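Reader: Please take me on a close tour of the part built from strands. I work at the bench, so plain words and residue names I can find on screen would help me most.

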Amino acid sequence: MQKYISEQLDVAVIGAGHAGLEAALASARMGAKTALFTLTLDLVGNMPCNPSIGGTGKGHLVFEIDSLGGEMGKAANAVMLQSRMLNASKGPAVRSLRMQADRVRYRDYMKNVVENTPNLTLKQSEVVEICADENGVTGVTTSFGAFYPAKCVVIATGTSLGGRIIVGEEAYESGPDNTLPANRLVESLKEIGVKLVRFKTGTPPRIHADSIDYSKLERQDGDEQPTMFGFYPSRPNALPCYIAYTNRETHRIIHENLSRSPLYSGVIHGTGPRYCPSIEDKVVRFADKERHQIFVEPMGLDTKEIYLQGLSSSLPEEVQLQLVHSIEGLENAVFMRTAYAIEYDCCDPLQLSSTLEFRDINGLFGAGQFNGSSGYEEAAAQGLIAGINAALKVKGLPPFTLSRSESYIGTLIDDLVTKGTNEPYRIMTSRSEYRLLLRQDNSQTRLMPKGYEIGLVSQERYEEFLNFEAKLQEMIYSLEHQSIKASKELDDLLEERGYPRTGEGIVKAELLKRPDITIADVIRLSGDTTDYDINLLARAETEIKYSGYIKRQLAEVARFSKLEEKQLPEDIDYTQIRGLRLEAAQKLQKLRPENIGRASRISGVSPSDISVLLIYLAQRR
């Protein structure tokens with residue numbers, strides 16, 4: 001290929017999906033000259049799967065992205081169709097916000113933001129080569145022969161890298177939504193030493209809204225007072241969602257056609273996501289279930305497309321028609337898009353450090369599904385961290401990392417780069433050992449100072465945050481140091497909620513710690529008529545009610561942080577450490593963890609191996 005040298009870049013970002021967008025925006029906003037390359041400008045910020053943001057565990061990520069100065073939460077707020085807090089009846093640690101978003105408007109919003117960001121250029125061009133020498137990356141080359149010298153490169157190729165769409169017996173090379181696949185880049189990555197694996201994901205059918213009998217479905221409205229990501233002012237819900245169910249006939253159709261399913265016939269070779277299986281996989285794996293939920297969700301305000309979440313499939317089109325038509329309310333459903341599975345290439349994340357830079361390729365970063373994860377939110381979180389670290393590297397500044405104890409983003413990245421993954425990785429609240437500390441409602445407390453320090457949170461927003469924190473501390477202090485006087489009203493409330501009457505006064509915080517007492521009760525008994533911010537009240541209530549548990553988890557963090565602080569020198573030859581088991585020595589030699597804490601989380605490294613390492617470090621001093 002005849003090449004010509006184009007403009008010098010600080011950071012080149014490959015792919016304009018959710019990971020690439022956050023990476024490019026973070027890099028440019030931090031002052032690095034950045035270019036965002038995409039196969040087509042029409043799919044910037046595309047949602048090829050469900051047009052929703054958030055969900056169980058994922059909502060936590062979006063709050064954290066927003067607290068660090070990322071864009072995903074703001075975009076979701078701007079195009080929200082419906083907002084629902086999942087697990088609202090459970091404890092605050094597992095409550096997760098989920099928004100149904102307008103797919104087209106989300107793309108328009110993100111493209112507009114990119115186009116109007118200083119230091120950032122959006123380019124429709126296929127990157128076919130990542131150039132590198134013994135010192136690391138030197139730039140990227142496009143299919144038109146343009147060489148862009150770059151100090152850092154972020155790969156965020158989503159499911160386009162080596163993409164292959166499969167529907168029944170039909171299979172062809174393609175990216176999501178029948179876009180061009182990025183095939184030539186695959187060989188370039190292999191040539192510079194990137195180890196690739198093959199994963200698979202899928203989408204369900206999209207049907208015409210007017211072909212649904214909604215009277216047979218369960219209506220699902222959003223919350224009466226919708227919550228916004230980042231605690232911005234609330235907006236009203238625009239559209240309802242609905243719920244349908246599979247049945248015995250649906251399952252019969254699937255079972256009779258399993259031989260035509262690429263998932264079972266051997267046509268699909270990539271590993272699919274365990275926590276978001278296809279409908280045929282669910283019917284086989286959960287044979288005892290008589291039905292499965294199908295969420296009937298709108299794609300946008302200006303389209304008739306309806307998304308059938310829960311019906312992801314790679315069965316032949318005519319089988320898909322049969323099984324959809326067997327569902328009550330969808331008997332006359334008109335297909336607009338057929339469900340498909342897509343296989344794609346991604347890297348083994350064990351090659352990455354906690355900054356998401358490749359350990360052995362200086363200046364090369366990975367983000368999103370390229371790193372083996374699944375989901376828009378996981379992608380955006382990694383893109384943000386990769387973009388931040390690429391910009392910091394360009395400036396010659398120390399890297400930026402987040403620990404497991406301070407964020408779900410840190411948990412996500414630590415899991416990927418320490419443990420690896422043999423399937424598309426999905427964040428869940430159960431993955432964190434510090435769930436009560438990593439709530440949605442305190443994401444700003446945990447992370448906004450960091451976002452401000454690196455330059456991604458504006459002065460105005462940071463001052464609003466400081467003002468909120470001051471009010472919060474003032475409210476907590478008053479709850480802990482002020483009492484409610486003895487009164488008949490107080491005793492009546494206690495009796496009503498199942499507690500004995502006391503005839504005495506009580507400290508507000510002590511009253512609030514009782515499970516069935518709310519902060520609204522405390523304020524009412526106090527005679528306080530102040531119009532408080534609802535987010536302020538909810539946060540103060542959580543801090544008081546769970547103060548004992550929070551202190552316990554903080555003590556655990558302090559204990560484990562000592563292990564994280566014990567750094568492992570880069571020049572250690574683990575194969576020469578006496579007493580270290582062979583498997584542990586080989587894993588440590590390959591992955592080279594930065595500290596003892598990370599070493600302890602590597603699969604195959606036992607507590608006795610950690611003891612050997614601690615003794616070795618003490619003797620090395």
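Author: Happy to! Helices (at least four residues) and strands (at least two) are runs assigned by DSSP, and they are numbered from the N terminus. Please keep in mind that this is a predicted model.

Let us start with the sheet that contains E20. Four strands make up this open sheet, and their order is E12-E11-E20-E13. Their pairing is antiparallel. At the edges you will find strand E12 (170–173) and strand E13 (196–203), each of which pairs on one side only. On average, and with direction ignored, neighbouring strands here are turned by 20° against each other.

Now zoom in on the pair E11 and E20. Strand E11 covers residues 164–167 and strand E20 covers residues 340–347. The two pair in the antiparallel sense over three bridges. For a landmark, pick arginine 164: its bridge partner in E20 is glutamate 343.

Follow the chain onward from E20 and you come to a loop that leads to strand E21 (364–366), and leucine 356 lies in that loop. Is this leucine buried or exposed? Leucine 356 counts as buried because its relative accessibility is 1%, and buried means under 20%. Its backbone deserves a glance too: phi of leucine 356 is near 75°, a positive value in a residue other than glycine.

Next comes the sheet of six strands. This one is also described as open, with the order E15-E16-E17-E18-E14-E19 and antiparallel pairing. Strand E15 (218–220) and strand E19 (335–337) stand at its edges; each has a single partner strand, so one side of each has no neighbour in the sheet. Here the neighbouring strands are turned by 35° against each other on average, with direction ignored.

Which pair should you pick out in this sheet? Try strand E16 (residues 241–245) and strand E17 (residues 293–298), which run antiparallel and are joined by four bridges. Tyrosine 242 is a handy place to look, with valine 296 as its bridge partner in E17.

For contrast with the strands, have a look at two helices. Helix H2 (residues 58–67) and helix H10 (residues 376–395) have axes that come within 9 Å and cross at roughly 30°. That angle makes H2 roughly parallel to H10, since angles under 35 degrees count as roughly parallel. The crossing of H2 and H10 is left-handed. On the H2 side, the residues that take part are Lys58, Leu61, Val62 and Ile65. They meet Glu377, Glu378, Ala380, Ala381 and Leu384 in H10. Sorted by class, the contact of H2 with H10 has six nonpolar, three charged and no polar residues.

Let me finish with another positive phi, to set beside leucine 356. Arginine 592 has a phi of about 45°, although it is not a glycine. You will find arginine 592 in the loop between helix H19 (582–591) and helix H20 (596–600). With a relative accessible area of 26%, arginine 592 is partly exposed, whereas leucine 356 counts as buried.

Note on methods: Residues numbered from 1 in each chain as written. Predicted model: local features only at pLDDT ≥ 70, side-chain atom pairs only at ≥ 80, totals over all residues. Heavy atoms only, no water. Axes fitted to C-alpha atoms, helices over the stretch in contact; angles between N-to-C directions. Parallel < 35°, antiparallel > 145°, perpendicular 65-115°, else oblique. Left-handed = near helix turned anticlockwise from the far one by under 90°. Contact = heavy atoms within 4.5 Å. Nonpolar A, V, L, I, M, F, W, Y, C, P; charged D, E, K, R; others polar. Pairing = 2+ DSSP bridges. Buried < 20%, exposed > 50% of the residue type's maximum accessible area, 1.4 Å probe, protein only.
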